[in-house]
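Trainee: I should like to work through this model with you, one element at a time. Please begin with a term that we shall need for the sheets.

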Amino acid sequence: MAWRVDALYFFLIALSVFFSLLIAGLIVYYAVKYRRRTPDAVGAPIHGSIALEVAWTGIPLMIVMGIFVWGASVFFAMARPPDETLDIYVVGKQWMWKVQHLDGQREIDELHVPVGRAVKLIMTSEDVIHDFFVPAFRVKADVLPGRYTSVWFQPTVPGRYHLFCAEYCGTKHSGMVGQIVVMEPSEYQTWLSGGSPEGSLASTGAKLFADLACNTCHRPDAQGRGPVLEGLFGKTVTLQSGETVTVDEAYVRESILTPSAKVAAGFQPIMPTFQGLVTEEQLLALVEYVKSLKGLPLVQAR
Ligand code: CUA
């Protein structure tokens, strides 16, 4: 994305320089050319010029509309990740970046990614607002407590890149820095296979799902008191109010912490809240577990 952002940015700079010089130059030139030559000179009366007015309205209008369309296209490209992404979870905390890979690896203030793959980060904060900023990738997004934000990027050159927190978040804000390590795919595989004793994030979530006894109500056979979760992620569900909601990370998270907020139609609001019982990282594991339940739903998800 960097060259697209830069192209737009340098175009804006060049445009500003061009008009600044043009206007300043004309001011000086006309001041000299039309200066008062005798003490009693009187200026010539000027009447409007439709052609001139249309030109100085129309040309800037086209230029700014061009900038708008160009900027919007870059914005959409940044806001919409490709279908196939390598998903990685990030939790900001005073004052560190905690990274959770789907394979189970965790790291702090470092993020290892393979070169050439589109990477999507799903981010949240467990305390205050932080901001994930990788200048080399032209990537920056607020990381907010209580919700998920995401950014994506596709690294093109192996190396190490600065990661900063770009939102003042307390005493050690300036020290909340890290590194993005972009590796060759083979090196990355080696790094990944360095392994996590705890297994994949989804399996951690599965264990938690059982430990918290979620599975007593959310059963795969549609006999449970809660909705069947198999195959649910990404689907649209109808709520009691008749509204619909897409099952994404935010909805799963909300349903764990505030179950009564959006109850699926046909179910009683009997689920207790798990607020305070699960950490942000455990929530991510649960979300990932629900995501992983794609296979073979016995009944169609509601
Ligand atoms: Cu976190 Cu500034």
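Mentor: Two strands pair if DSSP finds at least two bridges between them. The model before us is a predicted one.

Trainee: With that term in hand, which residue of strand 10 is the bridge partner of P114?

Mentor: Strand 4 and strand 10 (residues 178-183) run parallel and are joined by five bridges, so they satisfy the requirement of at least two bridges. One of these strands, strand 10, supplies the partner of P114, and that partner is M183.

Trainee: Which helix packs on the sheet by touching strand 4 and strand 10?

Mentor: The pairing of P114 with M183 in strand 10 gives us the starting point. The helix that touches strand 4 and strand 10 has a direction at about 130 degrees to that of strand 4, and its residues are 185-193. This is helix 3.

Trainee: Which strands stand at the edges of that sheet?

Mentor: The sheet is open, with mixed pairing, and its five strands follow the order 4-10-9-6-7. Each edge strand has a single partner strand, so one side of each lacks a neighbour in the sheet; the two are strand 4 (110-114) and strand 7 (139-143).

Trainee: By how many degrees are neighbouring strands of this sheet turned against each other on average?

Mentor: The sheet in question is the one with the order 4-10-9-6-7. With direction ignored, its neighbouring strands are turned on average by 20 degrees.

Trainee: I see a second sheet. How many degrees does its twist average from one strand to the next?

Mentor: This sheet is also built of five strands, is open and has mixed pairing, in the order 3-2-1-5-8. Strand 3 (106-108) and strand 8 (149-153) are its edge strands, each pairing on one side only. From one strand to the next, the twist averages 25 degrees.

Trainee: Which helix packs on this sheet and touches strand 1, strand 2, strand 3 and strand 5?

Mentor: Strand 1 (residues 86-93) and strand 2 (residues 96-101) run antiparallel and are joined by six bridges. In strand 2, M96 is the bridge partner of K93. The helix that touches these strands, together with strand 3 and strand 5 (119-125), runs at about 160 degrees to the direction of strand 1, and it is helix 6.

Trainee: Which two residues are joined by a cis peptide bond?

Mentor: One member of the pair, W95, lies in the loop between strand 1 and strand 2. Omega of the bond is about -5 degrees, and the residues it joins are Q94 and W95.

Trainee: Are helix 4 and helix 6 roughly parallel or roughly perpendicular to each other?

Mentor: Helix 4 (residues 201-211) and helix 6 pack with their axes 7 Å apart, at an angle of about 100 degrees. Angles of 65 to 115 degrees count as roughly perpendicular. Helix 4 and helix 6 are therefore roughly perpendicular.

Trainee: How many nonpolar, polar and charged residues make up the contact of helix 5 with helix 6?

Mentor: Helix 5 (residues 249-257) and helix 6 (residues 280-292) pack at about 120 degrees, with axes 10 Å apart. On the side of helix 5 the contact includes V252, I256 and L257, and on the side of helix 6 it includes L283, L286 and V290. By class, the residues are seven nonpolar, no polar and four charged.

Trainee: How do helix 1 and helix 2 run, and what is the handedness of the crossing of helix 1 and helix 2?

Mentor: The axes of helix 1 (residues 2-33) and helix 2 (residues 50-79) come within 10 Å and cross at roughly 160 degrees. Angles over 145 degrees count as roughly antiparallel, and helix 1 and helix 2 are therefore roughly antiparallel. Their crossing is left-handed.

Trainee: Finally, what is the radius of gyration of the chain?

Mentor: The chain has six helices and twelve strands. The globule rule gives 19 Å for 302 residues, and the chain's value is well over this, so the chain is more spread out than a compact globule; its radius of gyration is 28 Å.

Key: Residues numbered from 1 in each chain as written. Predicted model: local features only at pLDDT ≥ 70, side-chain atom pairs only at ≥ 80, totals over all residues. Heavy atoms only, no water. Axes fitted to C-alpha atoms, helices over the stretch in contact; angles between N-to-C directions. Helix = DSSP H or I, 4+ residues; strand = E, 2+ residues; numbered from the N terminus. Contact = heavy atoms within 4.5 Å. Nonpolar A, V, L, I, M, F, W, Y, C, P; charged D, E, K, R; others polar. Rg over C-alpha atoms; globule rule 2.2 N^0.38 Å. Parallel < 35°, antiparallel > 145°, perpendicular 65-115°, else oblique. Left-handed = near helix turned anticlockwise from the far one by under 90°.
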